[in-house]
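Thanks for coming. I'll take a few minutes to walk through one structure, so please keep it open while I talk.

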Amino acid sequence: MSINPVKGTHDIYGYDAKVFDEIEGSFEEIATLYGYSKIQVPVLEHTELFDRGTGEGSDVVRKEMYTFYDKGGRSLTLRPEITAGIARSVLSNKLYVGDLPLKFFYYGPAFRYERPQAGRYREFNTFGVEAIGNDSMLLDVETILLAYTSLAYLGFKDLTLKVNTLGDKEGRKKFNEALRDYFSSHIEKMCDDCKERLKLNPLRILDCKVAEDQEIAKGAPKLSDFISEEAKDRYQQTVDLLEAFGIEVEEDPNLVRGLDYYSGLVFEIHARDESGQKLGALVGGGHYDNLLSSLGGPDLPGVGFGVGIERIASVYKANNAEVAPSIDVYLIALGERTKIPGFALTTDIRNLGYSCEMSLGGGKLPAQFKKAQRRGARVIAIFGEDELDGRSITLKDQESLTEKKVSIDDLEEALAEMLDGTCGCGCHHEHEEGHCCHHEEEKEENGQGHCCCLHHHEE
């Protein structure tokens, strides 16, 4: 009997792996432009970290964590999210001693025991950023711009930013008390989760997805009635500045996010496809004031966001044509005598910095050509017994559909011309009549602004 993947997990390979790399690479590229650097924290943490940091009132902590005792009797948890782990790292390593804010990006797996569905898994991959140690409203705006720009860079066009404010600490405390008083008179008619939320954090009831409970919640006190004027002014300045940057902002008073450490600004970025159909939230995040202090550290604020790579990938693939994984060179060795020398050539090509595969199974030339094309080879190299005896190799450029036989000694130069747009002399411009040589010091500008070498050799 075969062993299947654990429910809620999946293998990532082929086109999916290429899409994952594209998404993570794009987010990392933009984050780097914004001055963020990479941080990597453990997948395993002490359970107490999430109880105290993420919040025991959240569904994540109450119902979705993978928690177990190790052989030493310690309660450990596979991280359900990564922000708490980064906060712990900042404290463990005393990273807050120095210039602030700290600006990190991260990506890696997280784990939640929830019902698997399209684009949602129990083991999922996430990318995010955290900026810790500065309370400027501009840092909130910068974080949102980073997320928005990253999605636009990936080709998402119809984006809407949903925002809300959870106010300051004192305002949230009064609001929670008002919610507790209101829901106490209705709680017997509500779901079991809401009964538990009432004890731990009444604010979480507003995030309930049960239709009957949502109707009851419509009559609850409004957060806006408890927000201080200072918090309102900060929120409005944030919205105004985001709109000044051309971002479509939709204020959503019911947006609270699912983790207890959020305070002040919370946000989601939603998208639509080309037909206008809603695709839901692709990014979520917000500001937090008390996360580090709840873990025993200094009272430092932070702001960040997270994206589920699987979620982004499912939307990305639906709106982009599938591209097969590609390689630079596919070498076809014809005849038994060419196998070992062909393998040596494959190694040489890789050492030049080009991806290269060699046909190992043999077969007729047309079948091997089709295999090379399925692998997306940019150049197909044919190495038969005639080439072996003549110390040459035949190169077929699959873009220009040209073919030439070159000496093994000239292979590096020929591949550079085909794959890099150079001719082996280090010049990355067009060359007069396709000729070039290795005399880099003897170049001049021609009439078209292209550099050409003065010492031409025969083709």
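Start with helix H1, residues 14-33, which lies across three strands: S5 (102-111), S6 (123-132) and S11 (302-308). Against S6, H1 runs at about 0°. I should say now that this is a predicted model.

Helix H5, residues 137-153, also lies across strands. H5 covers S5, S6, S7, S9 (265-272), S10 (278-288) and S11, and runs at about 15° to S9.

Now put the two helices together. What is the angle between H1 and H5 where they pack? It is about 135°, with the axes of H1 and H5 9 Å apart. H1 and H5 are therefore oblique to each other, since an angle would have to be over 145 degrees to count as roughly antiparallel. Their crossing is right-handed. On the H1 side, the residues that meet H5 are Ser26, Phe27, Glu29, Ile30 and Ala31. On the H5 side, they are Leu146, Ala147, Thr149, Ser150, Leu151 and Tyr153. Sorted by class, the contact of H1 with H5 has seven nonpolar residues, three polar and one charged.

H5 has another helix to deal with, H9, residues 229-244. The axes of H5 and H9 come within 10 Å and cross at roughly 40°. That angle makes H5 oblique to H9. This crossing, too, is right-handed. H5 contributes Met137, Leu138, Asp140, Val141 and Ile144 to the contact, while H9 contributes Arg234, Gln237, Thr238, Leu241 and Leu242. The class count for H5 with H9 is six nonpolar, two polar and two charged.

One more helix belongs in this part of the picture. Which residues of H11, residues 309-318, are buried? They are Ile309, Glu310, Ile312, Ala313, Val315 and Tyr316. The buried residues of H11 pack against H1, H5 and three strands, S6, S10 and S11.

Next, the sheet under these helices. The strands I have been naming belong to an open sheet of eight, in the order S1-S5-S6-S11-S10-S9-S7-S8, with mixed pairing. At the edges are S1 (37-38) and S8 (249-251), each of which pairs on one side only. At the S8 end, three bridges join S8 to S7 (residues 158-165), and these two strands run parallel. Within that pair, Val163 stands opposite Glu251 in S8.

Further along the chain is strand S12, residues 327-333. Is S12 largely enclosed or largely open? Six of its seven residues are buried, so S12 is largely enclosed by the rest of the structure. S12 runs parallel to S14 (residues 377-383), with six bridges joining them. Leu331 has Ala381 of S14 opposite it. S12 also runs parallel to S13 (residues 356-358), joined by three bridges. There, Tyr330 has Glu357 of S13 as its bridge partner.

Last, the whole chain. The protein chain has 15 helices and 18 strands. Of its 459 residues, 46% are buried. Taking contacts with a separation of 6 or more, 65% are between residues 24 or more positions apart.

To recap the helices: H5 packs with H1 at about 135° and crosses H9 at roughly 40°. That is all I have.

Technical notes
Residues numbered from 1 in each chain as written. Predicted model: local features only at pLDDT ≥ 70, side-chain atom pairs only at ≥ 80, totals over all residues. Heavy atoms only, no water. Axes fitted to C-alpha atoms, helices over the stretch in contact; angles between N-to-C directions. Helix = DSSP H or I, 4+ residues; strand = E, 2+ residues; numbered from the N terminus. Parallel < 35°, antiparallel > 145°, perpendicular 65-115°, else oblique. Left-handed = near helix turned anticlockwise from the far one by under 90°. Contact = heavy atoms within 4.5 Å. Nonpolar A, V, L, I, M, F, W, Y, C, P; charged D, E, K, R; others polar. Buried < 20%, exposed > 50% of the residue type's maximum accessible area, 1.4 Å probe, protein only. Pairing = 2+ DSSP bridges.
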